[in-house]
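Me: I have a structure open and want to go through some of its helices and loops. Can you take my questions as they come?

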Amino acid sequence: MTTGIDVVWFKRDLRIADHAALSGAAASGRPVLPLYIAEPGLWAEPDMAGRHWAFIAECLAELRQDLAELGAPLVVRVGEVVPLLERLNCQHRIATLWSHQETGNRWTYARDQAVGAWCRQQGVVWHEPVQGGVIRKLDSRNGWAKRFDEVMGQPQIEPAPLLRTDIEPGEIPSAADLRIADDPCPERQPGGRGHGLSLLGSFLIERAKPYRRAMSAPGPGAIHCSRLSPHLAWGSLSLREVTQATWARQREVKLAKERGFGGSLSSFNGRLHWRDHFIQKLEDAPRLEHENLHRGMNTLDRKPNAERLEAFATGQTGLPFVDACMRSLRDTGWINFRMRAMLQAVASYHLWLPWRDSGLVLARYFTDYEPGIHWSQVQMQSGTTGINTVRVYNPVKQGKDQDPDGDFIRRWVPELAHLETTALHEPWKAGGAPWYPAPIVEHEQAARDAKAKIYAARRGEAFRKEADAIQVKHGSRKSGLKNTGRIRTPKTDPRQAALDL
């Protein structure tokens, strides 16, 4: 048996179940060091926030208990990865480093490149097993969905006993320890695998029944969407176990002829596919975190506007349904996907803000922030992919459609609670309301102006040629959709509701 230790570096996989890296280390026969590194450099990035760390810290506390039962408690350290690995290697000699593949932001990508260089220099073997359907160095999208199902259908990996090291576990740091700014989120979902399993069970057995019809509205969506997204984003649940549990429930309701569940579970299963479909886009084109996917959209004249961005971030745009959604998101860390799409679209079209600026605000608000999904969707909702139909939401119509009685607005914008429902969605037509701002833009004219600019940028053979190349690289093979150059006011679209997890 080779001497040394195996290090399992936990990142977005905060569980012991269905954990290929942990299983691989356990099979080595060497002592195993389960390691989580709280990286100050990462937490200084503009897309990271205190609510993310609060959720992670709760996951780490439960993970520590679960690992202790396997024989090797979680070791937590604060610092940058390469210097910490260097010290561990000098003191204990690392035989193998294990961690799941990650599709993160630009900072984590550069960090992983540095870790890879250090491993090669030190002769440390680094194994990076896959934990989802995203494929590194993908040659073609052809057959991607079939491969996803094959990966999801593989048996789940059972946790195995671990040989422990004598390394001191260390404390889980606070947000203050990591110099993370205060981030009040009073109704944030709690972290930890136990909470994730409870949500999975209640969704599949009960809450999923009206899922298909409830997902579009923010109030019902908060109850009948699975709410599993932060647990998938930070890995307290594996995508495979959620997928297999959904498949099992689908078989069960079909056999028992339970009415009302079939369509909803089918829709949810499709959204599990779409989750990794969007992460694959960032894996294949890391630049889309910072640059327009279609370079033809570089001609758009969106410029930073601090006043508009602040109004957007604080729910003070004067558009009641937009502000209600933003304030709800700020205080809960979650909102249903249709409203996420509307918020980004309003920021990009009506407020004409650079998508990176508004996208960072939303990234910090989403407890379930997943870079691959987030930045792919930010660009999709901002009209810069070149391959998706541009959808400019009417924020007043969305409010009337998704909150017809005004209950959601009244809860989150109490300044308007005294108004009759007929005036609630457009208070400026009823003379306004004290302590509530007038609309920051005239939304119908702003939409017309945005459409004209987007349409002008999408003209020409050069635009279509690049769009075709993007479609070949990133487009879904299942949809069979072609780039049409259309601009549409959205009603329903499966991809707009694709991520209501």
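Reply: Starting with α16, the buried residues there are Trp355, Arg356, Ser358, Gly359, Leu360, Val361, Leu362, Ala363 and Tyr365. Keep in mind that this is a predicted model.

Me: How many residues of α16 are buried, out of how many?

Reply: The helix runs over residues 355-365, and 9 of its 11 residues are buried, so α16 is largely enclosed by the rest of the structure.

Me: And what covers them?

Reply: The cover of the buried residues in α16 includes α3 (50-70), α13 (306-314), α14, α15 and α17 (371-382).

Me: α14 and α15 are on that list. At what angle do their axes cross?

Reply: Helix α14 (residues 320-332) and helix α15 (residues 337-350) cross at roughly 115°, and their axes come within 10 Å. The crossing of α14 past α15 is left-handed.

Me: Which residues meet there?

Reply: From α14, Phe321, Val322, Cys325, Met326 and Leu329; from α15, Met339, Met342, Leu343 and Val346. By type, the contact of α14 with α15 has 9 nonpolar residues, no polar and no charged.

Me: Switching to α4. What span should it have, and what does the model give?

Reply: Helix α4 covers residues 81-92, which is 12 residues, and at 1.5 Å a residue it should span 16 Å. The C-alpha atoms at its ends are 16 Å apart, so the two agree.

Me: Which of its residues are buried?

Reply: In α4 these are Val81, Leu84, Leu85, Leu88 and Asn89. Looking down the axis of α4, the buried residues fall within an arc of 135°, so they line one face of the helix.

Me: What is exposed on the other side of α4?

Reply: Cys90 and Gln91 are exposed there.

Me: And what lies over the buried residues of α4?

Reply: Their cover includes the strands β1 (5-10), β2 (32-38), β3 (75-78) and β4 (94-98), along with α5 (106-122).

Me: What is the phi of the residue just after α4?

Reply: That residue is Arg93, with a positive phi of about 55°.

Me: Now Asp18. What is its phi, and where does it sit?

Reply: Asp18 has a phi near 50°, which is positive in a residue other than glycine. It is in the loop between β1 and α1 (20-26).

Me: Buried or exposed, for Asp18?

Reply: Asp18 has a relative accessible area of 3%, so it is buried.

Me: Same two questions for Lys257: what phi, and buried or exposed?

Reply: Phi of Lys257 is near 55°, again a positive value in a residue other than glycine. Lys257 lies in the loop between α11 (239-256) and α12 (262-284). At 72% relative accessibility it counts as exposed.

Me: Staying with α12, what does His273 touch?

Reply: His273 lies in that helix, α12. Setting aside neighbours within four places in sequence, it is in contact with Trp144, Phe148 and Asp149. His273 has a relative accessible area of 15%; the cut-off for buried is under 20%, so it is buried.

Me: Last one, Pro184. Where is it, and what does it touch?

Reply: Pro184 is in the loop between α6 (144-153) and α7 (193-207). Not counting residues up to four places away in sequence, Pro184 touches Arg51 and Arg330. Its relative accessibility is 55%, so Pro184 counts as exposed.

Me: How far is Pro184 from Thr421?

Reply: Pro184 and Thr421 are 30 Å apart in space, C-alpha to C-alpha, and 237 residues apart in sequence.

Definitions and conventions. Residues numbered from 1 in each chain as written. Predicted model: local features only at pLDDT ≥ 70, side-chain atom pairs only at ≥ 80, totals over all residues. Heavy atoms only, no water. Helix = DSSP H or I, 4+ residues; strand = E, 2+ residues; numbered from the N terminus. Expected span 1.5 Å × (residues − 1). Buried < 20%, exposed > 50% of the residue type's maximum accessible area, 1.4 Å probe, protein only. Arc of directions from axis to C-beta. Contact = heavy atoms within 4.5 Å. Axes fitted to C-alpha atoms, helices over the stretch in contact; angles between N-to-C directions. Left-handed = near helix turned anticlockwise from the far one by under 90°. Nonpolar A, V, L, I, M, F, W, Y, C, P; charged D, E, K, R; others polar.
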